[in-house]
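Biologist: Could you take me through one part of this model in detail? I would like to look at the salt bridges and the residues they link.

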Amino acid sequence: MAARRAAPEGLLRELLREEAPGRIAALTEELFRAVGSLGGEAGAEPEVEEGAISLWNWAVTKHMGSVINDEQRAKLRFVACRLVCLCEGSDPLEGTIRRQILMSMKTGKGWIDIGKADLADEFLEIALNSIEKLYTKLRKGSDGEADIHVHKADVEKDLFKVLSYQAESAVAQGHFQKAVMCVQRCKDMLMKLPKETCYLSILCYNFGVETYERKKYEQSSFWLSQSYDIGKMDMKYSVGKEMRAKVLRLLATAYFEWDCKQYLDKALKAISLANEENLHPAGFFLKVKILLKNGASDEEINSAVAEFMHHELSLDFCLNAAKLLLENGRESVGFDFLNSVAGRFESSPDLGKITLLYIEFLLQNKRELLAKQKVEEIIIGHYTGKQLLSETLNQLHIILWDTAAKHYEAKNYSEALHWYNYSVSFYTPGQIDQNLAKLQRNMASCYLNLKEVEKAKEAVKEAERCDPNSIFTQFSVYKIAVMEDDTDKAVEAVIEMGKLAEKSSQCEDKPTVDENTGSNLLSLAAQIALENEQQVVAIKALEYLSEHSRDCRQVFAALKCLVRLVLSKVVVENEEKRNKDIKSMLTYLTLAHRKLAEPFTEENLARDIRTFEAHWFRKVDFYSSLHFMSLLAWNLAVQFKDCPEKMRDFFVLSFKLSQFCPSDKAVLIAQKTCLLMAAAIDLELGRQQVTSSEQMEFLTQALQHLQACKEVWKVLKLTGDFAKDPTDTLLLLYEFEAKSKLNDPTLNSLMESVWEQPQIEVKTLEIIASLAMEPPAWYPVLCKKALQGALNLHRKQTAIDAVKFSKCLHSLINLSLPTGVTDLDACVLQEVWGYFEDALTVISSTDGYPEMEILWLMTRAWNTGIFQYSIGKYMEAEQWCGLGMRFLNHLGSLKKTYEGHMVGLYSEVLDKLDRVKGFISNEE
């Protein structure tokens, strides 16, 4: 036990020394948990009690200095009180008991005040027990009956407080019967404690308010009745008439909302008593409300109304009372009352409010003719010195506009104009006012619907005079232009609307219109143009909308509409216009991708919405060609054979949009195809007559597309069997071409992986060989290696394709034995000799070796021999010429053409060789 108490004591000492608010808060929580876990055994050291009292006083000081909050103070009181209780001995002193009573009461009250009444009960019970101990101790020390009465009176004050706190706790926890018992005990003590009458009455009133707010009307009526009864017990210490009236009004309201029919008499009695106690407008109003709810006769209501007409009441109160009567169908009483109110406030500047109420009620009851008469009376008064106050006039304008708007919605445009004209009557000629501009725009809309275009123009002109920088005014100009089929004027208006919408969105301090208003008007403008078959205007409106709207759904709707409109145009346009529109469509799709990529904060642009929009735009990209040749999506790009850059851009866009879609197999295949096509186009652009910097840019872009394609391909291969798919080969060839022409240092490492591939095809090696020597690339070593690999593969075939073999061999010999080169190394000649031997082997063993290729081989071998002869290398000359003669034997129809000449020359070579041999022998 001692060890368990040591921890709280240490925390307590640290807390009393601490000054940092953050650390104080942490220590408070630790101390609260530590002391809360202690048992109820008494007998702690005196130092603990001293520390607890110091903590109590410290908490008071810190709370006054706002260092700790109410909840922290309650927890520290809990700690101090609990520790003091643990220090209580078997026979505590009177002072100790009184201190414990005080600390327990304040701890319990503290928990109640912060809304934790359940924690208060323990300490209030301790306080009650301590009060009993104190009374017992005082009686033991008493000398007689008189002393006992004094001691009893002494403890009853504390007992009263504890019981009232227990009642508070019980009400907070919904323990009605316990609260009633506690309050009754307090009530019984009022004869001895009359000064507590006011406190107990207000306490019961608070209970009544609390239970009323919880809609516990039965309990509320009980507490309010108790409050009223207690408040009358001792008039010297009463709460006062105003408070008693307030209690009774709430009591009447509780009865009224509980069950007006069942408790009508009680509600009326309560409100009548309230009005007798203290006259208050709320009391009169409530009484009329109760009577109306219960269906009282006009005479009864008239009588109730007459009661408060004898008292000084405000005009606003009278108007509210009249409104209550009229809204409950008591027209006769209501209008009579209004007439009497008008007489009473005849000289008041607020007299117009009464007429306004008349007008409102007449309009609500579809009695427009009488309402018009009242409005016309006000207009006449306006110009004869009886103007309404500014606030009242504004309210009248609102009524007139609302009435006009209802007629407009009902398509009763003439009647709407009638009510708008009433509003115009209150403006002076030449007056500049934004509301007047709005009024003129509304009138212009009415005129347009009535096909009165000239009057509409006049109204819009007046609106422009009053508010030229209003997007609504430009919208009115736009509607008239569309109606008159004035495309140029309509486009001008749309441009102005777009500028105003953009200006409004950039105005951070005080936007001229709501940020969505401009976008919504542009959307409506596009709709109007489409309905009137004015596509040019609609496109302009949609372009501004897609660029400036902050509503992602609105942007995508506009872009989809733009794409459809443009695609419908390009079918019938000439090439110049068609190219312009295709460029526009590319812009729209690019914007769609940018919008999809933006980090929207709204939850409504969740992944599924982005996916839906991305799929739509990919479909546009995939199915646009339906307007040309009914082909699939990315075939749109293929249509632009004369503009490969556009073709590539469409493929790239299709890939980018697809990135917002789920990566299923179909999407991955589409992505792979788009990237391969984009890379192929960039490579083709790089092959054309372009500057070196342009070529580098195209080739670099191609590599970027290929890298992205590799990543897609890696994932795609996991979804199925792609053994026959040529993608790996295409990626290799495209990458080799780009890197070889860029002189990329990683080219050799790329080729190392190629040489190691066991399944590489002949065609692939032949293409690599070709690309290795295609300017600006110059890699003869790589070219030769690729051709040698291809030749080996040809040899390994069961049935050699003589034509393909001949072409490969031709390229290899050309590379190894360039035409016109004279200084050839013996090793090179030996290597090339092997190729000629390979050719003879294939020619001898297969049919179909092209005769022109045999002729070419014969010629190259013969010319090499003649060259050796010319430089005095007769042995080599004899070998190579002999090789040529071997090919001659395989010629068909061409053999006779070359045979005579070659035989003669070959004889000369042999003779020369014999002479040289003889000369050498003689020397020896």
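Modeller: Happy to; here is a walk through one salt-bridge network and its surroundings. This is a predicted model, where local features need pLDDT of at least 70 and side-chain atom pairs count only at pLDDT 80 or more, while totals for chains, interfaces and linings use all residues. Residues are numbered from 1 along each chain as its sequence is written, and side-chain values use heavy atoms, with hydrogens and water left out.

A salt bridge here is a side-chain nitrogen of Lys or Arg within 4 Å of a carboxyl oxygen of Asp or Glu. The network links E684, R687, E737, K741 and E774 through such bridges. Within it, R687 pairs with E774, their closest N and O atoms being 3.9 Å apart. R687 lies in helix α32 (residues 665–687) and E774 in the loop between α36 (762–772) and α37 (780–796), so this pair ties together parts that are 87 residues apart in sequence. Helices are DSSP runs of H or I with at least four residues, numbered from the N terminus.

For cover, buried means under 20% relative accessible area, exposed over 50%, and partly exposed in between (1.4 Å probe, protein chains only). R687 is partly exposed at 37%, and E774 is also partly exposed, at 24%.

Another bridge of the network joins E737 to K741, with 2.8 Å between the closest N and O atoms. These two sit four residues apart in helix α34, about one helical turn. E737 is buried at 2%, and K741 is buried at 8%.

Helix α34 (residues 727–741) also holds K739 and E735, again four residues apart, and their side chains meet in a salt bridge of 2.8 Å, N to O. K739 is buried at 12%, as is E735 at 8%.
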